[in-house]
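Work through the exercises below with the sequence and the model at hand. Each task is followed by a solution in steps.

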Amino acid sequence: MAGERVDGLWALGRPAVMGILNLTPDSFSDGGRFDAPGAALAHAERLLAEGADVIDVGGESTRPGALPVEAAVEIGRVVPVIAELARRHPEVVLSVDTGKVAVARAALDAGATMVNDVTAAREEEMLPLVAGRGAGIVLMHMRGEPRTMQADTGYADVVAEVHELLAERAAAAVAAGIAPARVILDPGIGFGKDLAGNLRLLRALGDLAALGHPVAVGASRKSFLGALTGAAVDDRLPGSLAAVAGASALPRVLVRVHDVAATVQFLAVLAAVRSAA
Ligand code: HH2
């Protein structure tokens, strides 16, 4: 059953790790590297061997300024890869990174059990679709859309505003029939936020978790790390690890990362130190 695999993520006794598989020509850090099916499958196998609990398959870049992609194009990118991964690894949680109902439906048909929706389910049919399949959904906060989201990053109170929107979307998801443990809330680091906003949202992940749902966080290689440290995209692993250190203490958390092996090792040592007698 689709959702039971999602529920299992919260019984691991450690953060669940979501490995990123971008099947896009234009993603900000790995665009074009894995957009042929063979290369994509090989990369997914590597992420799994490194310890990923979830593979997040995306066919449309959401980096600032990215242009939208037609649903048919997105489906053509993600469905063959999801179908093959579902065949090879029926126990793994496969997530589709999309805000489009048509893409989500095709991915669920192919074996995905989670929808990672960076629009927090703006399309009306998204929540009933996910509920009907017993799947999980990540509801991420984004103001506006990728093409324009960095044009206005001002908030009166970024944490209050983001948490309020996510609480409202979570209530809608539960009302649509999705079990609360399958509704995962993500503050959307880098999606229409400035450096200070990103840092405040990372610091407030505990308050987000207090809404009663699992939490997801995606900070891997993002530009606020470059703004803080001057590091280039491919040189942001230490900063990416530091960004998820606080989240790792939460009881139900999903960390979305490019560098799975390093993240798994980092989280294991943090947890061992934290629980040392
Ligand atoms: N960030 C990106 C994409 N999807 N999903 C969630 N839930 N949270 C995030 O923070 C998040 C996300 C952007 O990163 P990436 O996939 O590396 O790049 P691109 O959108 O250019 O493909």
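A residue counts as buried when its relative accessible area is under 20%, as exposed when that area is over 50%, and as partly exposed in between. The model used throughout is a predicted one.

**Exercise 1. Glycine in a helix**

Task: Locate G3, decide whether G3 is buried or exposed, and find how far its C-alpha atom is from that of V93.

Solution.
Step 1. Helix α1, which covers residues 2-8, contains G3.
Step 2. The relative accessible area of G3 is 0%. The cut-off for buried is under 20%, so G3 is buried.
Step 3. V93 stands 90 residues from G3 along the chain, and the two C-alpha atoms are 9.3 Å apart.

**Exercise 2. A charged side chain in the interior**

Task: Place E74 in the secondary structure, assign its exposure class, and state which side chains it contacts.

Solution.
Step 1. E74 belongs to helix α3, residues 71-88.
Step 2. With a relative accessible area of 0%, E74 is classed as buried.
Step 3. Two side-chain partners can be listed. The side chain of T98 is in polar contact with that of E74 at 2.7 Å. The side chain of K100 makes a polar contact with the side chain of E74 at 2.5 Å.

**Exercise 3. Positive phi outside glycine**

Task: For A120 and A121, give the phi angle, the loop in which each residue lies, and the exposure class.

Solution.
Step 1. A120 is not a glycine, yet its phi is positive, at about 55 degrees. A121, also a residue other than glycine, has a positive phi near 65 degrees.
Step 2. The loop that holds A120 runs between β4 (114-117) and α5 (126-133). A121 is likewise in the loop between β4 and α5.
Step 3. A120 is buried because its relative accessibility is 2%. For A121 the value is 3%, so A121 is buried as well.

**Exercise 4. The ligand and its surroundings**

Task: Describe the site of the ligand: which residues come nearest, which polar atoms are close to ligand atoms, and how much of the ligand surface the protein buries.

Solution.
Step 1. There are 17 residues around the ligand, and the nearest are S27, S61, T62, N116 and K222.
Step 2. Sorted by class, this shell comprises 5 nonpolar, 7 polar and 5 charged residues.
Step 3. Take the side chains among the polar partners. In T62, a side-chain N or O atom is 2.5 Å from an oxygen atom of the ligand. In N116, a side-chain N or O atom is 2.7 Å from a nitrogen atom of the ligand.
Step 4. Add the backbone. A polar backbone atom of G218 is 3.3 Å from an oxygen atom of the ligand.
Step 5. The ligand taken alone exposes 480 Å², of which the protein buries 98%.
Step 6. The largest pocket is the space that the ligand takes.

**Exercise 5. Partly exposed residues and C-alpha separations**

Task: For A245, L199 and V233, find the element, the exposure class and one C-alpha distance.

Solution.
Step 1. A245 is in helix α10, residues 237-245. Its relative accessibility is 22%, so A245 is partly exposed. From A245 to F266 there are 21 residues in sequence and 8.5 Å between C-alpha atoms.
Step 2. L199 is in helix α7, residues 195-203. At a relative accessible area of 35%, L199 is partly exposed. The C-alpha atoms of L199 and N22 lie 25 Å apart, with the residues 177 positions apart along the chain.
Step 3. V233 is in the loop between α9 (223-229) and α10. V233 has a relative accessible area of 25% and is partly exposed. A107, 126 residues from V233 in sequence, has its C-alpha atom 29 Å from that of V233.

Technical notes: Residues numbered from 1 in each chain as written. Predicted model: local features only at pLDDT ≥ 70, side-chain atom pairs only at ≥ 80, totals over all residues. Heavy atoms only, no water. Helix = DSSP H or I, 4+ residues; strand = E, 2+ residues; numbered from the N terminus. Buried < 20%, exposed > 50% of the residue type's maximum accessible area, 1.4 Å probe, protein only. Near = heavy atom within 4 Å. Polar contact = N/O pair within 3.5 Å; in protein donor to acceptor, adjacent residues only side chain to side chain. Areas by Shrake-Rupley, 256 points an atom, 1.4 Å probe, with all protein chains shown as cover. 1 Å grid on protein atoms, 1.4 Å probe; cavity = no way out; pocket = protein on both sides within 12 Å on 5 of 7 lines; lining within 4 Å. Sits in = over half its atoms within 2 Å of the grid points. Nonpolar A, V, L, I, M, F, W, Y, C, P; charged D, E, K, R; others polar.
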